[in-house]
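Subject: Structure handover

Hello,

Here is the structure for you to look through. My notes on its salt bridges, cavities and confidence follow below it.

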Amino acid sequence: MSSRVSLADLSAAVKAEYRRIFTERRDDLIAVSFNALLVTFCWFLLPDKIVNWLFTLHGALAFPYFLELWMLGDTPATNVAGRDAVRAVAQLHDPAALRLWLRAKHLVLASFVGPIAAIVAVIIGVVQHRYDMAAAVAITLLFLPLGTLSVAAWVGLRVPYHPRKLLWRWEHRSDWRAALLRWIVLVLLPFLVVPLIALVLLIPGLTIWLIAHQGHPPQVIPPAGLWLGTVVSVVVSLIVFGWAPGVAVKIARRRYDKLHGYLSDPEYG
């Protein structure tokens, strides 16, 4: 009975988050879309020297990986509390409600990012006739956002900020530490933190792929190693998706007074 209630609650929370993201915070989708366009422009239109400097991995199937990371690497991934402060405050006193709320947020944002990256990987695989590798990459990227977003949310529970217009921050420039410096750091932080989280989650699967690749021609991974690495990557993401919100709840409980006070007053910026 409890599992059915939990699933019903999660379904309701997911529906509420979809309503929020399509009405109150459409800029979340704008940020994700802008980053997708930006990485596509950089990958295909910039000179090779700049592309080689921007992207450490190369090859056609590396593109959907970077596409996903750039789509995730923005404030919707980290500033979960500050971007939905009223609802965050309402959940802080209830650990179960907070976990449910966070999981719904991660599921909804992942549902926009993961499928896009997976579809791009499949299209590339079909064009290049690399069906098995493309399918493995697509499945990995489909689930990777769940684990990545679950850990990235810790940042927003330790150092949230209220989204305010640039004019407001300029008017409060005299308090430069709170209104400008702190905000600039937190805006840039996702571009560093999110790729690092994703890389750590991918290490077990990538290690299996590299080991399986030894002794074989370039771009060839035996099916057993390819699918074992894929399964491991998916399992790691799902485990983290189940575990990380519990850590987020502990962070929120330890910082309850500061979080409640900060999130309740948008004038803190």
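In this predicted model, R20 and D84 form a salt bridge, with 3.7 Å between the closest N and O atoms. The two residues come from distant parts of the chain: R20 sits in helix α1 and D84 in the loop between α5 and α6 (85–91), 64 residues apart. R20 counts as buried because its relative accessibility is 3%, under the 20% cut-off. D84, at 4% relative accessibility, counts as buried too.

A second pair is E24 with R87, whose side chains meet in a salt bridge at 2.9 Å, N to O. E24 belongs to the loop between α1 and α2 (26–45) and R87 to helix α6, so this salt bridge ties together parts that are 63 residues apart in sequence. R87 has 30% relative accessibility and therefore counts as partly exposed.

The side chains of D28 and R83 also meet in a salt bridge, at 2.6 Å from N to O. Here D28 is in helix α2 and R83 in the loop between α5 and α6, 55 residues apart. D28 counts as buried at 4% relative accessibility, and R83 counts as buried at 10%. Salt bridges with shared partners join E17, R20, E24, R25, D27, D28, R83, D84, R87 and K105 into one network. The count for the model comes to 11 salt bridges.

On to the cavities: there are 2 of 30 Å³ or more. The largest cavity holds about 110 Å³ of space. Its lining has 13 residues, and R20, D28, P76, V80 and K105 lie nearest the centre. Helices α1 (2–23), α5 (75–78) and α7 (95–128) each give two or more residues to that lining. By type, the lining of the largest cavity divides into 6 nonpolar, 2 polar and 5 charged residues. R20, D28 and K105 are thus named both in this lining and in the salt-bridge network.

The second largest cavity holds about 30 Å³. T78, N79, V155, G156, V159, Y161 and L186 line this cavity; 4 of the lining residues are nonpolar, 3 are polar and none is charged.

Last, confidence. The protein chain averages a pLDDT of 88, and 92% of the residues score at least 70. Residues 1–5 stay under 50, and the model gives them 0 contacts beyond four places in sequence. Where pLDDT is low, predicted coordinates should not be read in detail.

Regards

Definitions and conventions
Residues are numbered from 1 along each chain as its sequence is written. This is a predicted model: local features need pLDDT of at least 70, side-chain atom pairs count only at pLDDT 80 or more; totals for chains, interfaces and linings use all residues. Side-chain values use heavy atoms; hydrogens and water are left out. pLDDT is the predictor's confidence in each residue, from 0 to 100. Contact means heavy atoms within 4.5 Å. On a 1 Å grid over the protein atoms alone, a cavity is a set of points where a 1.4 Å probe fits but cannot get out, and a pocket is an open set with protein on both sides within 12 Å along at least five of seven lines; lining residues have an atom within 4 Å of a point. Grid points are joined across faces, edges and corners, and a volume is the space filled by probe spheres set on the points. Helices (H or I, at least four residues) and strands (E, at least two) are DSSP runs, numbered from the N terminus. Ala, Val, Leu, Ile, Met, Phe, Trp, Tyr, Cys and Pro count as nonpolar, Asp, Glu, Lys and Arg as charged, and the others, Gly among them, as polar. A salt bridge is a side-chain nitrogen of Lys or Arg within 4 Å of a carboxyl oxygen of Asp or Glu. Buried means under 20% relative accessible area, exposed over 50%, partly exposed in between (1.4 Å probe, protein chains only).
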